[in-house]
Amino acid sequence: QVQLVESGGGLVQAGGSLRLSCAASGRTFSNNAMGWFRQAPGKEREFVAAIRGSYTYHADSVKGRFTISRDNAKNTVYLQMNSLKPEDTAIYYCAAATKTTSIFFTRTYDYWGQGTQVTVSS
């Protein structure tokens with residue numbers, strides 16, 4: 001059984017930092033793209049960042065502030081979030097892909113975590 005479990009969310013003041021973790025179990029994802037998406041109330045799910053091999057991708061809204069990385073030995077992907085803004089408030093979801101379609105599309109990802117809440121106060 002494949003599981004993705006996010007952790008590290010919480011409440012932080014604007015300008016602060018958080019690091020999200022996503023621990024995968026049930027299979028190894030070192031050869032797969034893994035990504036982070038977020039969804040705020042009343043809004044569509046939004047691409048945040050992804051990592052595929054040695055390549056990383058970040059949405060324009062978070063570029064320069066967020067950094068995705070992974071530790072293949074731990075089968076874990078991370079999202080370091082710095083200079084947080086109130087508009088970053090959302091539920092953040094980790095996802096793992098088994099397909100090679102665009103990493104920006106949710107359909108590329110077959111496995112999803114339960115989400116972790118990030119709230120940024122002004």
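## Aromatic pairs

Rings of Phe, Tyr and Trp, the last represented by its six-membered ring, count as a pair if their centres lie within 6.5 Å; planes under 30 degrees apart are called stacked, planes over 60 degrees apart edge-to-face, and the rest tilted. Under this rule the structure, which is a predicted model, has seven aromatic pairs. One of them is formed by Phe37 and Trp112, whose ring centres are 5.2 Å apart and whose planes meet at 55 degrees. The pair is classed as tilted, because 55 degrees falls neither under 30 nor over 60. Phe37 belongs to strand β4 and Trp112 to strand β10 (residues 109-112), so that this pair links parts of the chain 75 residues apart.

Another pair is Tyr57 with Phe104, at 6.2 Å centre to centre and with 80 degrees between the planes, which makes the geometry edge-to-face. This pair too links distant parts of the chain: Tyr57 is in strand β6 (residues 55-58), Phe104 is in the loop between β9 and β10, and the separation is 47 residues. Tyr57 is partly exposed, with a relative accessible area of 23%, and Phe104 is also partly exposed, at 43%. Ring pairs join Phe37, Phe47, Tyr57, Phe104, Tyr109 and Trp112 into a cluster.

## Phe37, Trp112 and Arg45

Which strand holds Phe37, and is the residue buried or exposed? Phe37 lies in β4, which spans residues 34-39. With a relative accessible area of 1%, Phe37 is under the 20% limit and therefore counts as buried. Its partner Trp112 is partly exposed, with a relative accessible area of 26%. Phe37 is also placed beside a residue remote in sequence: Tyr93 is 56 residues away along the chain, yet the C-alpha atoms of the two are 5.1 Å apart.

Arg45 lies over the faces of two rings. Its distance from the ring centre is 5.2 Å for Tyr93 and 4.4 Å for Trp112.

## Arg38 in strand β4

Strand β4 also contains Arg38. Is this arginine buried or exposed? Arg38 has a relative accessible area of 6%, so it counts as buried. The side chains of Arg38 and Asp88 are joined by a polar contact of 2.9 Å.

Leaving aside residues up to four places away in sequence, Arg38 touches Glu44, Arg45, Glu46, Val48, Ser61, Val62, Phe66, Glu87, Asp88, Ala90, Ile91 and Tyr92. Asp88, the partner in the polar contact, is therefore one of the residues in this contact list, as is Arg45.

## The four-stranded sheet

Strands pair in a sheet through backbone hydrogen bonds, in a parallel or an antiparallel arrangement. In this model, four strands make an open sheet with the order β1-β3-β8-β7 and antiparallel pairing. Why do β1 and β7 each have one side without a neighbour in the sheet? β1 (3-7) and β7 (66-71) are at the edges and each has a single partner strand, so one side of each stays unpaired within this sheet. On average, neighbouring strands of the sheet are turned by 15 degrees against each other, ignoring direction.

At one edge, five bridges connect β1 with the antiparallel strand β3 (residues 18-25), and Val5 stands opposite Ala23 in β3. The side chains of β1 alternate: Leu4 and Glu6 point to one face and are buried, whereas Gln3, Val5 and Ser7 point to the other face and are not buried. At the other edge, six bridges connect β7 with β8 (residues 76-81), again antiparallel. Here Arg70 stands opposite Val77 in β8.

## Positive phi in two loops

Most residues other than glycine have a negative phi. Asn75 departs from this, with a positive phi of about 55 degrees although it is not a glycine. Asn75 is in the loop between β7 and β8, and its relative accessible area of 12% means that it counts as buried.

Ser83, also not a glycine, has a positive phi of about 50 degrees. Ser83 is in the loop between β8 and β9 (90-97). What is the relative accessible area of Ser83? The value is 40%, so Ser83 is partly exposed, whereas Asn75 is buried.

Key. Residues are numbered from 1 along each chain as its sequence is written. This is a predicted model: local features need pLDDT of at least 70, side-chain atom pairs count only at pLDDT 80 or more; totals for chains, interfaces and linings use all residues. Side-chain values use heavy atoms; hydrogens and water are left out. Two strands pair if DSSP finds at least two bridges between them. Axes are lines fitted to C-alpha atoms, for helices over the stretch in contact, and angles run from 0 to 180 degrees between N-to-C directions. Buried means under 20% relative accessible area, exposed over 50%, partly exposed in between (1.4 Å probe, protein chains only). A charge sits over a ring if NZ of Lys or CZ of Arg is within 6 Å of the ring centre and within 35 degrees of the ring normal. A polar contact is a pair of N or O atoms within 3.5 Å; within protein, one must be able to donate a hydrogen and the other to accept it, and residues adjacent in sequence count only if both atoms are side-chain atoms. Contact means heavy atoms within 4.5 Å.
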